[in-house]
Amino acid sequence: MLGATITAGTLTSAGTITNILNGTITSVLGATITAGTLTSAGTITDILNGTITSVLGATITAGTLTSAGTITDILNGTITSVLGATITAGTLTSAGTITNILNGTITSVLGATITAGTLTSAGTITNILNGTITSVLGATITAGTLTSAGTITNILNGTITSLLGATVTAGTLSSVTSISQKSFIEQSTLGITTGNTYTPLPAITTGVLGVYSFFIFNSGANAINTRVEISADGTNYFVDTTGDNPVAAGATDVVVAARFLKYTRLSYQSAVPGSPSTINVYFNAQGT
């Protein structure tokens, strides 16, 4: 049939139609195509309620498929663009290349591996169970739950607002705002010889610490005195707390600041002028 146009009427039965070259089929309503080969067609504008059972090795490059009954099998074709589509059920077992899914809704992807390409905009992705996500660049995940994923290898510039019950076993975490577990700090100054006047140890910045104490061990032969001094500017100090003075030879003492300021230091002296001793000082602190 060359150059023909069928505009009305009914074609109830035909053997094999192998070539419709230049014709125009304007409407096929309620049809079912179960077998045979359609090798070449001019323009097919409307397939409303038909059933297409198999499309093998096809490439759809342009045009619009506005409404179709059931499409059961697209194996090796290439789908270049799907705009505003919603896929609610069924299985897509093998496809050539899918380049653009803009506004659709993907309800379930099971056992999939996405190795390359860019997903620029998607409606709702509700379930990715066993897939492998190799790279997410510039993404922001603000809500929802990722219950199970295969392997996530690279999240470079994303923002993760909440991780509940997660375990990170390897990799690098380059920036953290806060960690809930409290940190522990210890500084020791050993073999200090006391003199007749109070001498301070270097000040410690305690503005970022929660609790802190000075442990003193008098390892020398004579008694000593200690006190804790605090400062807001690191220059002018206030005597906050004195130790259990005098601390006898061989005895220990713990001195704790009663007030909070940015800088804290321990000062020490011989309890008896001209009778020096030797002390070891340990500063222990816990972060907030």
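1. Strands here are DSSP runs of E, at least two residues long, numbered from the N terminus. On that basis Val256 falls in the loop between strand 21 (252-255) and strand 22. The model is predicted.

2. Overall make-up. The protein chain has 23 strands and 0 helices. Of its 288 residues, 16% are buried. The exposed area is about 19400 Å², and carbon and sulfur atoms supply 54% of that. Among contacts with a separation of 6 or more, 50% join residues 24 or more positions apart.

3. Nonpolar core. The largest one holds 19 residues. Phe214, Ile216, Val228, Leu266, Ile279, Val281 and Phe283 have the most contacts inside it. Four elements each give two or more residues to this core: strand 18 (209-218), strand 19 (224-231), strand 22 (263-270) and strand 23 (278-287).

4. Leu266 in detail. Setting aside residues up to four places away in sequence, Leu266 touches Phe214, Ile216, Val228 and Val281, among others. Those four are also on the list of core residues with the most contacts. Further partners of Leu266 include Thr199, Pro200 and Leu201, along with Thr226 and Arg227.

5. Strand 19 and its partner. Strand 19 pairs with strand 20 (residues 238-242) over 4 bridges, in the antiparallel sense. Arg227, a contact of Leu266, stands opposite Thr242 in strand 20. The two strands form a hairpin with 6 residues between them. In the turn, Gly234 has a positive phi of about 80°.

6. Surface patch. Which residues form a nonpolar patch on the surface? They are Phe215, Val254 and Val256, with about 240 Å² of accessible area together. Val256 has a relative accessible area of 42%, so it counts as partly exposed; the class lies between the 20% and 50% cut-offs.

7. Gly207. This residue sits in the loop between strand 17 (204-205) and strand 18. Is Gly207 buried or partly exposed? Its relative accessibility is 36%, so Gly207 is partly exposed. Beyond its neighbours within four places in sequence, Gly207 is in contact with Phe260, Leu261 and Lys262. Gly207 and Leu261 are 54 residues apart along the chain, yet their C-alpha atoms are separated by 6.4 Å.

8. Places to check in the viewer. Start with Leu266 and its contacts to Phe214 and Val281. Then take the hairpin of strand 19 and strand 20, with Gly234 in the turn. Finish with Gly207 against Phe260, Leu261 and Lys262.

Key: Residues numbered from 1 in each chain as written. Predicted model: local features only at pLDDT ≥ 70, side-chain atom pairs only at ≥ 80, totals over all residues. Heavy atoms only, no water. Core = buried A, V, L, I, M, F, W, Y, C linked by side-chain atoms within 4.5 Å. Buried < 20%, exposed > 50% of the residue type's maximum accessible area, 1.4 Å probe, protein only. Contact = heavy atoms within 4.5 Å. Patch = residues over 30% accessible without salt bridge, like charges linked within 9 Å, V, L, I, M, F, W, Y side chains within 5 Å. Areas by Shrake-Rupley, 256 points an atom, 1.4 Å probe, with all protein chains shown as cover. Salt bridge = Lys/Arg side-chain N within 4 Å of Asp/Glu carboxyl O. Pairing = 2+ DSSP bridges.
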